[in-house]
Amino acid sequence: MSAMTSAQDRDQEATAILSANDRGSFSVPTKGLYPFQWNWDSAFAALGYIHLAPQRAVTELETLAAAQWPDGMIPHIVFHRPDPGYFPGPEVWGTGTTPPTSGITQPPVFAIALARIAERGHAGGERLARLVSAADRWHRWFFAARRDEATGAIGVVHPWESGRDNMPDWDGPLAAVSAEGIKPFVRRDLGHVDAALRPTQEQYERYVALVEFGQKVGWDQIRLRNECPFFVGDPGMTAILIRAERDLKRLAASTGQADIAAGVDERLPVLLDGMNALWSDVIGAYTTLDFRTGNHGDGVSSASFLGFLAEAVSREKAAALNAHFDRLAARCRFMVPSYDLESPAFDEKRYWRGPVWLVVNWLIAMGFETSGDTARAERVRADSRALVEKGGFYEYFSPLDGAPLGGGDFTWTAAAWLDWARGG
Ligand code: 2M8
């Protein structure tokens with residue numbers, strides 16, 4: 001393969017990747033490193049399938065929704081089949097569910113993908129109404145089990161829940177989590193990917209300690225929110241949920257589920273207040289907020305720009321965010337770095353501490369577009385396309401030289417490419 005492959009060749013490659021990672025009724029993020037169904041990966045996979053086999057897009061979401069917990073949570077991993085190649089597997093989570101799942105959630109891109117599918121006429125009737133109900137139950141669960149009552153913001157009880165696992169702003173809150181006495185374990189990720197690109201051992205021990213805490217409270221999600229040593233407000237999760245709520249409202253209007261639309265109207269103002277509470281005057285951007293200590297995160301991250309997805313950014317806040325964007329854009333060949341490259345915590349190659357992730361770019365571009373900022377949306381999309389043209393369908397990329405990093409043949413990178421290549 002030449003260093004620069006034509007867009008058309010990449011198009012075919014993306015199609016082949018989606019098909020290779022298709023397990024029939026669900027897709028895996030990539031074979032080997034991530035052998036199960038991941039929640040937000042599946043929503044992005046569905047966005048890709050829209051362009052290839054629209055009914056397969058619907059099935060992807062249906063399979064995910066079938067793993068919904070009785071309390072409404074849609075879990076972050078569904079372990080459809082055993083696979084020893086991943087840690088922590090179902091026996092470590094110990095949730096006792098059928099199918100086996102993890103005990104936490106992930107960003108709710110589900111309704112955003114469903115709205116796209118429905119708008120293009122690929123789902124309707126009872127089938128659509130059932131998926132709308134699943135999204136509604138999940139959104140209500142977020143409000144009950146992941147909302148900080150004082151601020152209205154949505155928090156995460158595990159860095160894995162955010163999807164941006166080792167982002168530097170989790171370091172402070174994670175330091176308060178003791179890993180003493182955890183059961184010994186063997187990481188599997190390092191058998192697939194270079195250790196310099198992955199979270200550290202110390203971080204992994206604390207991730208495992210948080211899984212053990214979930215078991216200790218019997219995976220009672222309200223207790224987790226109230227008692228977990230790690231509960232941190234996340235601008236990514238909050239903004240994505242707000243966007244998903246707006247999409248859910250439109251979907252519910254189209255299916256005649258008026259009670260669902262009314263529920264969104266009640267929750268939305270609270271969530272918007274929550275988004276505002278995540279604004280740090282010190283950083284001049286949306287940051288994390290440790291609900292246990294009241295401390296804001298230290299830096300601008302890619303999630304700061306997800307604020308535009310919430311569609312309620314004041315003129316002053318928008319100007320501050322745009323100034324950060326332009327400052328980073330002047331120094332990064334490829335936008336958007338997952339963390340501020342001027343921060344000492346920035347790490348060009350390590351997972352969520354600097355690299356560019358195409359799916360976050362997909363959401364950021366959507367936020368800019370929605371707020372009428374076509375120029376910045378196009379900068380994000382053009383850089384994303386250039387990354388794939390240059391390096392292929394990797395998990396993530398260096399924002400400085402575009403080096404492809406992490407796992408290869410990645411479903412969500414291929415899906416984001418296809419969506420953009422086929423005109424969204
Ligand atoms: C990464 O997370 C998993 C844990 O959920 C891991 O590192 O083992 C993250 O990038 C996450 O956002 C993503 O959903 C998952 C699968 O692609 O991998």
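**Getting to know helix H5, the core and the ligand site**

Mentor: Let's start just past helix H5, where glycine 121 follows with a positive phi near 80°. Helices here are DSSP runs (H or I, at least four residues), numbered from the N terminus. This is a predicted model, with local features needing pLDDT of at least 70, side-chain atom pairs counting only at pLDDT 80 or more, and totals for chains, interfaces and linings using all residues. Residues are numbered from 1 along each chain as its sequence is written, and side-chain values use heavy atoms, leaving out hydrogens and water.

Trainee: How many of the residues of H5 are buried?

Mentor: Buried means under 20% relative accessible area (1.4 Å probe, protein chains only). Phe110, Arg116 and Ala118 are among the buried ones. H5 spans residues 110-119 and is mostly covered, the count being 9 of 10.

Trainee: Which helix gives the most to the largest nonpolar core?

Mentor: A nonpolar core is a set of buried Ala, Val, Leu, Ile, Met, Phe, Trp, Tyr and Cys residues joined through side-chain atoms within 4.5 Å. The largest has 150 residues, and Trp40, Phe110 and Phe230 are among those with the most contacts inside it. With 10 residues, the top contributor is helix H6 (residues 125-145).

Trainee: How much of the ligand's accessible area does the protein cover?

Mentor: Polar contacts (N or O atoms within 3.5 Å) come first. Ligand oxygen atoms lie 3.3 Å from a polar side-chain atom of tyrosine 34, 3.1 Å from one of tryptophan 40 and 3.0 Å from one of glutamine 106. By the Shrake-Rupley method with a 1.4 Å probe, the ligand on its own has 410 Å², and the protein covers 100%.

Definitions and conventions:
Buried < 20%, exposed > 50% of the residue type's maximum accessible area, 1.4 Å probe, protein only. Helix = DSSP H or I, 4+ residues; strand = E, 2+ residues; numbered from the N terminus. Polar contact = N/O pair within 3.5 Å; in protein donor to acceptor, adjacent residues only side chain to side chain.
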